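I opened the model today to look up two residues and a run of strands, and I keep my notes here in the order in which I made them.

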Amino acid sequence: SRRARVGLSGLAAPGGGAAGACAAGSACPPCGNESTCMLWGDPHVRVFDGKVHLRILDEGDFWIVRSECVEIQGRYGEKSVITAIAVGGAFLQGHRLVVEPRAVGRVTWDGREILANLPSAFAVDALIRATYSDDGEHIDPGLRGMPLKTVEVELPLGVRLTVDRWPKHLDVLVSMRPLLGGQDGHCGNHNGEDSDDSLERIRARGGGFLVSPEDRLLLGAGPPDLEETATVLDTLEACATGRREKAEELCRRSGAAAGGAPEYLESCVFDVCFAGDQFAQEDAAITEQRKQRAAAMASGDCTCRPASPAPTPAPDSPTQEPTPAPAPTPAPTPSPTQEPTPAPSPTPV
């Protein structure tokens with residue numbers, strides 16, 4: 001399908017915002033209406049405005065969130081799973097965060113590896129606070145054995161990311177309030193209307209296009225042809241009967257933990273059919289995390305800057321025993337006083 005490279009209707013070009021205009025004091029979105037976009041599987045997208053699920057079966061670098069200040073891009077690789085996510089734009093003052101899968105990539109800030117160890121943390125005051133851990137708690141006991149390794153990121157303007165790093169792909173949550181000046185991309189326009197974020201409507205607005213080379217945040221090979229790419233649409237009808245029955249059983253068992261919503265079940269069956277059995281529990285894990293994020297947003301603070309990292313406490317001084325006072329120097333023993341020897345008495349004549 002041919003894709004024209006056009007700008008977003010009514011939005012400035014990505015990266016067009018000056019750092020000052022995109023600073024927290026100038027561009028902070030009003031409190032309220034915070035929502036989460038979920039990208040998972042091969043990939044599916046649950047947009048900011050809620051119920052619409054998109055199935056995107058293209059390969060290449062695409063806009064996830066595109067605005068004057070905030071830029072988030074995803075690379076959809078083989079089988080269209082997410083193989084990298086990048087965050088940049090004026091709100092980060094020209095810095096760039098990239099997260100890749102565990103087995104085939106790294107987490108980097110301006111090209112320098114961060115969060116290399118598990119667990120670990122990274123922070124730049126007023127720009128980013130990030131952690132990498134495997135100690136997340138699952139609500140459902142059936143998911144507690146999942147080898148979940150998650151990057152949690154706080155960024156300016158109230159933008160938060162949760163990225164599950166699987167060996168060869170990523171599942172992603174992006175949370176934010178509606179950005180001043182508007183936004184678009186595969187996560188939708190975040191305007192509170194769930195009827196205008198079908199893939200067709202997003203493409204019509206120019207929000208779901210491939211990232212042009214001059215705007216690309218991710219290095220390395222991009223899609224082979226930015227002007228025209230072949231889109232191969234698999235459908236559930238192409239899944240063999242026995243395979244589909246097994247997928248439905250796996251997804252029902254894991255989907256019960258995620259609420260068992262019909263749209264989730266269909267997406268899960270699709271992933272298991274065409275990408276592998278492991279997607280049943282992986283899909284359930286990210287769906288559960290979205291629920292936890294929604295609960296946290298309902299009770300959390302409205303902020304525009306990442307929390308400042310806690311100062312590293314100075315190491316405690318080792319306890320020292322008091323130095324004993326020196327023993328008093330004994331007085332020198334006086335030499336014995338000798339009585340004088342009396343003169344001999346004179347001998348009488």
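**Entry 1: Ala24**

Leaving aside neighbours within four places in sequence, I find Ala24 in contact (heavy atoms within 4.5 Å) with Leu157, Cys304 and Arg305. I note that this is a predicted model, in which local features need pLDDT of at least 70 and side-chain atom pairs count only at pLDDT 80 or more, while totals for chains, interfaces and linings use all residues. Residues are numbered from 1 along each chain as its sequence is written, and side-chain values use heavy atoms, with hydrogens and water left out.

Ala24 is found in helix α1, residues 24-27 (helices are DSSP runs of H or I of at least four residues, strands runs of E of at least two, numbered from the N terminus). Its relative accessible area is 14%, so I enter Ala24 as buried (under 20% relative accessible area, with exposed over 50% and partly exposed in between, for a 1.4 Å probe and protein chains only). I also looked up Phe91, which is 67 residues from Ala24 in sequence and 7.8 Å from it in space, C-alpha to C-alpha.

**Entry 2: β10 to β12**

I see β10 (residues 120-124) and β11 (residues 128-133) pair in the antiparallel sense over 5 bridges, where pairing requires that DSSP finds at least two bridges between the strands. These two strands form a hairpin with 3 residues between them, and Ala126 in the turn has a positive phi of about 70°. β11 also pairs with β12 (residues 150-154), again antiparallel over 5 bridges. Ala130 in β11 stands opposite Phe122 and also opposite Val153 in β12.
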